[in-house]
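Let's take a stroll through a protein chain and see how its parts fit together. Have the picture open while you read.

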Amino acid sequence: MQECIDQKVYQAEVDNLPAAFEDGSINGGDRPGGSSLSIRTANPGNHVEIRAAYIGTTIIIRQTAGQLSFSIKVAEDVARAFSAEQDLQLCVGGCPPSQRLSRSERNRRGAITMDTAKQLCKEGLPVEDAYFHSCVFDVLISGDPNFTVAAQAALEDARAFLPDLEKLHLFPSDAGVPLSSGALLAPLVSGLFVLWLCVQ
């Protein structure tokens with residue numbers, strides 16, 4: 001919306017979650033309507049919210065367990081407004097080398113069994129939905145129990161974003177069939193959970 005909002009860039013990295021856009025501003029500029037784009041921090045260094053009211057979009061960026069995650073609420077018309085050639089990307093360079101897990105590193109870290117991962121995730125996510133299964137996958141693959149906090153934060157963001165709590169708990173299409181560790185990838189691939197682990 002060029003008539004009221006200056007273009008803004010926000011860049012975050014692990015251990016660098018700024019509370020302002022790259023130019024140091026915290027809103028869309030001095031034009032009329034510029035305040036309809038804002039950035040604020042709920043927990044400095046760990047939780048930033050960007051609100052673009054003029055296009056009905058909210059983005060929450062969090063740092064948890066040494067990883068960045070984001071949740072986004074966007075109007076369907078806005079999400080579909082770009083062709084494949086114009087598509088906006090949240091991450092264009094892939095996973096940074098420091099965030100990649102090699103198979104040998106994963107095996108060293110992965111001292112957590114499937115049952116332990118399920119038990120850890122169950123403490124904060126009692127419903128075995130997509131958030132729970134994504135939590136189990138992340139904890140199992142990383143070997144880091146702190147990923148349970150990230151899964152709980154993703155569920156809290158969904159609670160804040162979804163007006164219809166009936167739609168909050170998303171279940172795999174094959175509900176009732178026990179999921180193997182290979183099947184746990186489905187919630188991640190479908191974009192229901194926003195933490196990405198790169199495996200070399």
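Is threonine 58 buried or exposed, going by its relative accessible area? Threonine 58 is buried, because its relative accessible area of 11% is under the 20% cut-off for that label. You'll find threonine 58 in strand 3, which covers residues 57–64. Not counting residues up to four places away in sequence, threonine 58 touches Ile50, Arg51, Ser71, Ile72, Lys73 and Phe161.

**The whole chain**

Keep in mind that this is a predicted model. The chain has six helices and six strands. Read from the N terminus on, the elements go β-β-β-β-α-β-α-α-α-α-α-β. Of the 200 residues in the chain, 36% are buried. Now look at contacts between residues at least 6 apart in sequence: 52% of them join residues at least 24 apart.

**Two alanines and a threonine**

Here are three residues side by side, with where they sit and how much of them is accessible.

| Residue | Location | Relative accessible area | Label |
|---|---|---|---|
| Alanine 19 | segment before strand 1 (37–43) | 38% | partly exposed |
| Threonine 58 | strand 3 (residues 57–64) | 11% | buried |
| Alanine 117 | helix 3 (residues 114–124) | 0% | buried |

Alanine 19 has contacts with Ile26, Ile39 and Thr41, leaving aside its neighbours within four places in sequence. With one of those partners, isoleucine 39, alanine 19 has a C-alpha separation of 6.8 Å, although the two are 20 residues apart along the chain.

Alanine 117 counts as buried, at 0% relative accessibility. Setting aside neighbours within four places in sequence, alanine 117 is in contact with Ile112, Val136, Val139 and Leu140. The C-alpha atoms of alanine 117 and histidine 133 are separated by 9.8 Å, and these residues are 16 residues apart along the chain.

**Into the cores**

In soluble globular proteins, nonpolar side chains tend to be buried together. So what does this chain have to show? Its largest nonpolar core has 16 residues, and those with the most contacts inside it are Ala117, Cys121, Leu125, Cys135 and Val139. Helix 3, helix 4 and helix 5 (147–161) are the elements that give two or more residues to this core. Helix 4 gives the most, with six residues.

Valine 139 has plenty to touch: Ile112, Ala117, Leu120, Cys121, Asp144, Pro145, Phe147 and Thr148, again not counting residues up to four places away in sequence. There is also a second, separate core of ten residues, which includes Ile39, Ala52, Ile59 and Ile61.

**A closer look at helix 4**

How many of the 13 residues of helix 4 are buried? The count is 13 of the 13, so helix 4 is largely enclosed by the rest of the structure. Its length checks out too: at 1.5 Å a residue, helix 4 (residues 130–142) should span 18 Å, and its end C-alpha atoms are indeed 18 Å apart.

The N-terminal end of helix 4 is capped by aspartate 129, with a side-chain oxygen 3.2 Å from the backbone nitrogen of tyrosine 131. Just after the helix comes glycine 143, with a positive phi of about 75°.

**Rings**

One last stop. Lysine 122 lies over the face of phenylalanine 132, 5.5 Å from the ring centre. As for aromatic rings pairing with each other, with centres within 6.5 Å, the count is zero.

Methods
Residues numbered from 1 in each chain as written. Predicted model: local features only at pLDDT ≥ 70, side-chain atom pairs only at ≥ 80, totals over all residues. Heavy atoms only, no water. Phe/Tyr/Trp six-rings, centres within 6.5 Å; stacked < 30°, edge-to-face > 60°. Lys NZ or Arg CZ within 6 Å of the ring centre and 35° of its normal. Helix = DSSP H or I, 4+ residues; strand = E, 2+ residues; numbered from the N terminus. Expected span 1.5 Å × (residues − 1). Buried < 20%, exposed > 50% of the residue type's maximum accessible area, 1.4 Å probe, protein only. Polar contact = N/O pair within 3.5 Å; in protein donor to acceptor, adjacent residues only side chain to side chain. Contact = heavy atoms within 4.5 Å. Core = buried A, V, L, I, M, F, W, Y, C linked by side-chain atoms within 4.5 Å.
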